[in-house]
Each structure stands twice: as structure tokens, then as C-alpha cells.
Amino acid sequence: MDSAPGHELHGTRQVGDWPTDELVGLWGKACSGVVKQRFVIEYRDLEPPRTGIFDGLRIVIDPDVGFEMQCFLLLHLFGHSVQWVAPSLEHKLADLQHTEDRELFMKVLHAYELEAAGFGMQLMHQVGVTELDQWYSDFVATDWRYVEGYYQTNQLPEWKSCVVGGCPLVTPAPIPELRHHQVQVRFAF
């Protein structure tokens with residue numbers, strides 16, 4: 001029996017199953033795009049459970065995180081970095097930081113996560129990566145299930161229990177004007 005060529009399986013792989021060699025091109029192009037947006041990319045050992053941090057000037061990724069997760073973190077933390085240094089988005093951060101109503105906070109947090117994902121998708125498209133839209137969208141949905149699970153239980157869920165596939169595609173969002181400045185360190189876990 002002949003094995004199926006890789007491109008026939010390409011769209012059926014789930015988050016956590018993407019071969020490193022298929023993501024290397026994304027990594028190189030995304031790094032270039034992030035740097036051209038004037039953010040610094042840094043590898044640094046981070047205190048668990050942190051996998052990445054950003055401060056408005058740099059995106060830091062823990063090198064112990066798997067390469068697929070590093071690719072996602074770079075795109076997603078780029079999106080969050082945009083949110084914190086774009087003057088046109090500043091008003092959206094108030095509810096995220098000051099809402100005491102848990103239900104409202106979760107809605108605001110979900111919108112915040114999806115907006116960051118849209119900036120990450122836009123960056124992917126700007127650097128010419130369009131064949132990984134489903135992978136990225138599935139990763140965004142998986143990440144949201146993980147974050148939502150944390151806020152519901154106050155414990156980090158097992159990542160594999162959050163993995164989903166075939167999710168609606170994230171809509172690219174135009175990257176607004178950025179005014180780089182240091183903000184309070186924020187992190188991914």
C-alpha cells in the first residue's frame with residue numbers, strides 16, 4: 001500500500017502534531033515580521049508555568065517550550081504586544097484590567113484573546129504564510145480552552161485535554177500604528 005503524500009495529510013493534523021520541518025519556514029518569516037514591527041525577540045529561561053512574556057518592547061520565549069508552541073507563542077504574543085502599544089487600542093484594556101464582574105471579565109478576555117489572534121494571523125499573511133491558517137486557528141481555539149479552563153478552576157488544565165481541531169478560521173486584523181513603550185510584563189502560561 002502506498003503511503004499518502006504529506007500534503008494530503010497537512011490539513012488533518014492536530015495541534016501538537018505538526019512536524020518541526022513544516023514550521024521552520026513559518027518561524028523564520030514570523031521572526032522577520034516581528035522584528036520589522038520593531039519588537040525584539042529573546043530566548044530566556046522563564047519561571048514555570050510561564051512559557052513566554054512580553055513588555056511592549058520585546059517578546060521573550062522560554063527555549064524549553066516545544067518548537068510548535070514557540071511558533072504559536074511568537075505570533076500570539078506579537079498580537080498581545082500590538083494591543084498594549086497601539087494608541088488606538090488603549091481604551092480596550094481598561095475592562096481587562098479593572099472589571100470585577102467575572103462574567104464580563106471572561107467576555108472581555110475572550111475578545112482580547114481573539115483580537116491578539118487576528119493580529120498574529122495578519123502578521124502570518126503579511127510575511128507570506130497562508131497555508132497554516134487552520135493550524136493557527138486551531139491553536140488559538142486550543143489556547144482559549146486552556147485559558148478558560150484556568151479561569152474556571154484556578155488550576156492549569158492538561159494541555160492535551162484542550163486540543164481542538166477544525167475550528168473556524170481566525171480573521172486577520174489590520175495592525176494599527178504602534179508607539180513602542182515599555183508596559184508591565186505580561187505572560188503566557
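Which residue forms a salt bridge with Arg179, and how far apart are the closest N and O atoms? Select Glu177 together with Arg179 in this predicted model, and the pair appears as a salt bridge whose closest N and O atoms are 3.3 Å apart. Glu177 has a relative accessibility of 53%, and because the threshold for exposed is over 50%, this residue counts as exposed.

A search of the whole structure finds six salt bridges, and the next selection shows several charged residues joined together. Select Glu42, Arg44, Asp55 and Arg58, which are linked in a network of salt bridges. Within this group, the side chains of Arg58 and Glu42 meet in a salt bridge with an N to O distance of 3.1 Å. This pair links distant parts of the chain, since Arg58 belongs to strand 3 and Glu42 to strand 1 (residues 40-43), 16 residues apart. Keep Arg58 selected and add Asp55, whose side chain also meets that of Arg58 in a salt bridge, here at 3.9 Å from N to O.

With a surface display switched on, consider how these side chains are placed. Arg58 is partly exposed, with a relative accessible area of 27%, and Glu42 is likewise partly exposed, at 21%. Asp55, in contrast, has a relative accessibility of 8%, and because buried means under 20%, Asp55 counts as buried.

Move now to the interior and select Leu26, Phe78, Trp135 and Tyr136, the residues with the most contacts inside the largest nonpolar core, which has 52 residues. The elements giving two or more residues to this core are helix 2 (20-36), strand 3 (58-61), helix 3, helix 4 (93-98), helix 5 and helix 6. Centre the view on Phe78 and leave aside its neighbours within four places in sequence: Phe78 is then in contact with Val34, Gln37, Phe39, Ile59, Leu73, Phe119, Gly120, Leu123 and Ile175.

For the last stop, select Glu113, Tyr151, Phe187, Ala188 and Phe189, which, of the 23 residues lining the largest pocket, lie nearest its centre. The volume of this pocket is about 530 Å³. Colouring by element helps here, as helix 3 (67-85), helix 5 (102-126), helix 6 (133-153) and strand 4 (186-188) each supply at least two residues of the lining, with helix 3 providing the largest share, six residues. If the lining is then coloured by residue class, it divides into 17 nonpolar, three polar and three charged residues.

Definitions and conventions:
Residues numbered from 1 in each chain as written. Predicted model: local features only at pLDDT ≥ 70, side-chain atom pairs only at ≥ 80, totals over all residues. Heavy atoms only, no water. 1 Å grid on protein atoms, 1.4 Å probe; cavity = no way out; pocket = protein on both sides within 12 Å on 5 of 7 lines; lining within 4 Å. Points joined across faces, edges and corners; volume = space filled by probe spheres on them. Helix = DSSP H or I, 4+ residues; strand = E, 2+ residues; numbered from the N terminus. Nonpolar A, V, L, I, M, F, W, Y, C, P; charged D, E, K, R; others polar. Core = buried A, V, L, I, M, F, W, Y, C linked by side-chain atoms within 4.5 Å. Buried < 20%, exposed > 50% of the residue type's maximum accessible area, 1.4 Å probe, protein only. Contact = heavy atoms within 4.5 Å. Salt bridge = Lys/Arg side-chain N within 4 Å of Asp/Glu carboxyl O.
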